[in-house]
Amino acid sequence: MKDTFKHKGLRQQLVNVIKAKGIADKNVLDAIGSIPRHLFMDSSFLDHAYQDKAFPIGADQTISQPYTVAFQSELLQVKPGDKVLEIGTGSGYQCAVLCKLGAKVYSIERQQELFKKTSKFLPKLGYRAKKLIFGDGYKGLPEEAPFDSIIVTAGAPFVPKPLLSQLKIGGRLVIPVGDDVQMMTLFVRKGPKEFEQHEYGEFRFVPLLEDKN
Ligand code: SAH
């Protein structure tokens, strides 16, 4: 598990690329600049780790494109100490970014293989989520609610109601909504039943799946 000067240099170039694409939040850029993304990928993809692209991580899943991770993280407006729920732990890269931003992260993954792999791997790198959960993200995590923010990292065919109801007042849900292509959508909870909704353009994610395999 090496992180060399070469990796650091490539990472800085990646930061410059996503900055040029419009990411401005310094804390988010610092997180991308400090997390060794190559260690979250299979060795056969190491050369690709610092390109701004999504890549396979096994179990038919992908590690999201760095720009997308940065974009969603920026929309969340994480403050240190925030309680954040992530749906779709996957490789753990987005989770590491949230930890680096100072969040207390709860993250749910429905693929057992990925859940096990990432549960072992993340602490080894020094990123300690509050809790990694094997389960169905459509239900959220009622026992730990309410959350300051919730991030969904798979394409949701619709907005799961439990996620909206598990937000604090003032809390933010960032979720890509749609089937083949998703609209990046932000919900801000203004009151018990009031939500403000904003849309931020199209992205492509692997689907948020309903049934366990
Ligand atoms: N945040 C991840 C992105 C992984 S891709 C990363 O940084 O690498 C999306 C992930 O969502 C996949 O791992 C997939 O298994 C998971 N997923 C799909 N449907 C889910 C559901 N209903 N509940 C929880 N996780 C789900």
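**Close-up 1. Elements around the ligand in this predicted model.** Four elements, β2 (61-63), β3 (83-87), α4 (93-100) and β4 (104-109), each supply at least two residues of the shell around the ligand. Of the elements to look for here, start with β2, which gives the most to this shell, with three residues. In total, 27 residues surround the ligand. If you would like landmarks, the closest are Gly88, Ser91, Glu109, Gly137 and Leu209.

**Close-up 2. The character of the ligand shell.** What kinds of residues make up the shell around the ligand? They divide into 11 nonpolar, 12 polar and four charged residues. The space that the ligand takes up is the largest pocket of the model.

**Close-up 3. Polar side-chain atoms at the ligand.** Three side chains are worth picking out in this view. Ser91, one of the closest residues to the ligand, has a polar side-chain atom 2.7 Å from an oxygen atom of the ligand. For Glu86, a polar side-chain atom lies 2.9 Å from a ligand nitrogen atom. In the side chain of Thr153, an N or O atom is 3.1 Å from a nitrogen atom of the ligand. As for cover, the ligand has 580 Å² of accessible area on its own, and the protein covers 100% of that area.

**Close-up 4. An aromatic pair between Tyr106 and Phe147.** Across the whole structure, a search finds nine aromatic pairs. The one shown here joins Tyr106 and Phe147 in an edge-to-face arrangement, with 5.9 Å centre to centre and 65° between the planes. Why does this pair tie together parts that are 41 residues apart in sequence? It does so because Tyr106 lies in strand β4 while Phe147 lies in strand β6 (residues 147-152). Strand β4 also supplies at least two residues of the shell around the ligand.

**Close-up 5. The cis peptide bond at Pro146.** Most peptide bonds are trans. Here, by contrast, a cis peptide bond joins Ala145 and Pro146, and its omega is about 5°. Where should you look for Pro146? This proline is in the loop between β5 (131-134) and β6.

**Close-up 6. The backbone at Ala59.** Most residues other than glycine have a negative phi. Ala59 is not a glycine, yet its phi is positive, at about 50°. To find Ala59, follow the loop between β1 (55-58) and β2. Strand β2 may be familiar from the first view, as it gives the most to the shell around the ligand.

Definitions and conventions. Residues are numbered from 1 along each chain as its sequence is written. This is a predicted model: local features need pLDDT of at least 70, side-chain atom pairs count only at pLDDT 80 or more; totals for chains, interfaces and linings use all residues. Side-chain values use heavy atoms; hydrogens and water are left out. A residue is near a molecule or strand if one of its heavy atoms lies within 4 Å of it. A polar contact is a pair of N or O atoms within 3.5 Å; within protein, one must be able to donate a hydrogen and the other to accept it, and residues adjacent in sequence count only if both atoms are side-chain atoms. Accessible areas come from the Shrake-Rupley method with a 1.4 Å probe; for residues, only the protein chains shown count as cover. On a 1 Å grid over the protein atoms alone, a cavity is a set of points where a 1.4 Å probe fits but cannot get out, and a pocket is an open set with protein on both sides within 12 Å along at least five of seven lines; lining residues have an atom within 4 Å of a point. A molecule sits in a cavity or pocket if more than half of its atoms lie within 2 Å of its grid points. Ala, Val, Leu, Ile, Met, Phe, Trp, Tyr, Cys and Pro count as nonpolar, Asp, Glu, Lys and Arg as charged, and the others, Gly among them, as polar. Rings of Phe, Tyr and Trp (its six-membered ring) pair if their centres lie within 6.5 Å; planes under 30 degrees apart count as stacked, over 60 as edge-to-face and the rest as tilted.
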